[in-house]
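Please look through the sequence and the 3D structure shown here before reading on. The report that follows goes through the charged pairs, the sheet, one helix and a few backbone details in turn.

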Amino acid sequence: MLVFWKARLVVLAVPKTGTTALEQALLPYADAAILNPPAQKHCNLRRYRNELQAFFEQRGSRQLDLMAVVREPVSWLSSWYRYRAREEIRGTPNSTADLSFDDFVEAWLRDHPPEFARVGRQSRFVADEHGQCGIDHLFRHDRLDQAVGFLEDRIRISLELRRSNVSPALDVGLSDPMAARLRAEAPEDFALWSDVVALRS
């Protein structure tokens with residue numbers, strides 16, 4: 001999470017959406033940054049509003065805008081699955097090395113996912129206390145150029161992104177039945193993606 005106080009902007013870091021690359025490019029210009037531990041770095045909207053907003057904002061001044069990047073749901077889950085399939089964590093509770101992508105998605109859909117599938121939901125990350133998206137400036141992961149353009153204009157800087165924290169390349173496919181189940185049981189995530197595509201196409 002990065003704070004740009006003069007630009008009146010907070011960049012929330014939705015995991016697996018290219019935010020590490022953004023963070024590395026933006027860090028020299030930030031007024032405040034939370035980089036670790038991961039639970040704090042990836043502070044969601046509700047936690048920011050409840051715990052950090054008053055700290056970063058001055059009483060009587062205009063509220064800081066919030067920005068975030070989201071990813072197409074299947075691609076987002078695939079990135080998590082591939083990231084947790086890496087050899088160095090094989091045999092740990094977080095590992096997906098011996099699971100199919102269908103197995104991972106099925107576990108993620110459970111009310112109480114096992115450790116390897118406990119990665120949250122993008123729709124909940126950006127949701128306010130009423131379950132509505134509360135992000136002022138939302139961008140799509142496959143069009144990061146739009147996010148970069150916005151940041152350059154808002155902060156008045158020039159940015160160059162470098163790939164970072166990339167998941168291992170694996171041939172990942174989701175079966176048709178599981179894809180249909182995913183859409184049926186995670187409608188909020190697909191609705192969020194449809195909204196940002198309509199906004200940022």
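## Salt bridges

The structure holds eleven salt bridges, and since the model is a predicted one, every distance in this report should be read as a value computed from predicted atoms. Three of these pairs are set out below, each with its closest distance between nitrogen and oxygen.

| Positive residue | Negative residue | N to O distance |
|---|---|---|
| Arg90 | Asp98 | 2.6 Å |
| Arg143 | Asp145 | 3.3 Å |
| Arg181 | Glu185 | 2.8 Å |

The pair of Arg90 and Asp98 does not stand alone, for Glu87, Arg90 and Asp98 are linked in a network of salt bridges. Within this network Arg90 counts as partly exposed, at 39% relative accessibility, whereas Asp98 is exposed, with a relative accessible area of 64%.

In the pair of Arg143 and Asp145, both residues are partly exposed: Arg143 has a relative accessible area of 28%, and Asp145 has one of 48%.

Where do Glu185 and Arg181 lie? Both are found in helix α8, four residues apart, which is about one turn of the helix. Glu185 is partly exposed at 37% relative accessible area, and Arg181 also counts as partly exposed, at 30%.

## The sheet

Five strands form an open sheet, arranged in the order β3-β1-β2-β4-β5, and their pairing is mixed. The strands β3 (32–33) and β5 stand at the edges, each with a single partner strand, so one side of each is left without a neighbour in the sheet. As a general rule, the strands of a sheet pair through backbone hydrogen bonds, and they may do so either parallel or antiparallel.

Strand β4 takes part in two of these pairings. Towards β2 it is joined by three bridges, and the two strands run parallel; here the bridge partner of Val10 is Leu66, which belongs to β4. Towards β5, strand β4 (residues 65–70) is joined by four bridges, again in a parallel pairing, and the partner of Val70 in β5 is Arg140.

Is strand β5 covered on one face or on both? Side chains in a regular strand alternate between the two faces of the sheet. In β5 (residues 137–140), His137 and Phe139 point to one side while Leu138 and Arg140 point to the other, and since all four are buried, both faces of the strand are covered.

## Helix α9

Helix α9 (residues 187–199) has 13 residues, and from its first C-alpha to its last it reaches 18 Å, close to the 18 Å expected at 1.5 Å a residue. Which residues of α9 are buried? They are Asp189, Phe190, Leu192, Trp193 and Val196. These residues cover an arc of only 155 degrees around the axis, which puts them on the same side of α9. On the other side of the helix, Asp195, Ala198 and Leu199 are exposed.

The buried residues of α9 pack against several elements, namely β4, α4 (73–83), α5 (101–108), α6 (122–125), β5 and α8 (176–185). This list includes β4 and β5, the two strands that were described above as joined by four bridges.

## Backbone details and a buried arginine

Most residues other than glycine have a negative phi, and most peptide bonds are trans. Against this background, three places in the model deserve a careful look.

The peptide bond from Asn36 to Pro37 is cis, with omega near -5 degrees, and Pro37 lies in the loop between β3 and α2 (38–41).

Arg156, although it is not a glycine, has a positive phi of about 65 degrees. It is placed in the loop between α7 (144–155) and α8, and at 74% relative accessibility Arg156 counts as exposed.

Arg8 likewise has a positive phi, of about 55 degrees, and is not a glycine; its place is in the loop between β1 (2–4) and β2 (9–11). Is Arg8 buried or exposed? At 9% relative accessibility, Arg8 counts as buried. Leaving aside residues up to four places away in sequence, Arg8 touches Ser61, Arg62, Gln63, Leu64, Asp65 and Arg154. Even so, Arg8 has no salt bridge, and the nearest side chain of opposite charge, that of Glu57, is 5.5 Å away. A salt bridge requires the nitrogen and oxygen to be within 4 Å, so the distance of 5.5 Å does not qualify.

Definitions and conventions: Residues numbered from 1 in each chain as written. Predicted model: local features only at pLDDT ≥ 70, side-chain atom pairs only at ≥ 80, totals over all residues. Heavy atoms only, no water. Buried < 20%, exposed > 50% of the residue type's maximum accessible area, 1.4 Å probe, protein only. Lys, Arg positive; Asp, Glu negative; His and termini not counted. Contact = heavy atoms within 4.5 Å. Pairing = 2+ DSSP bridges. Expected span 1.5 Å × (residues − 1). Arc of directions from axis to C-beta.
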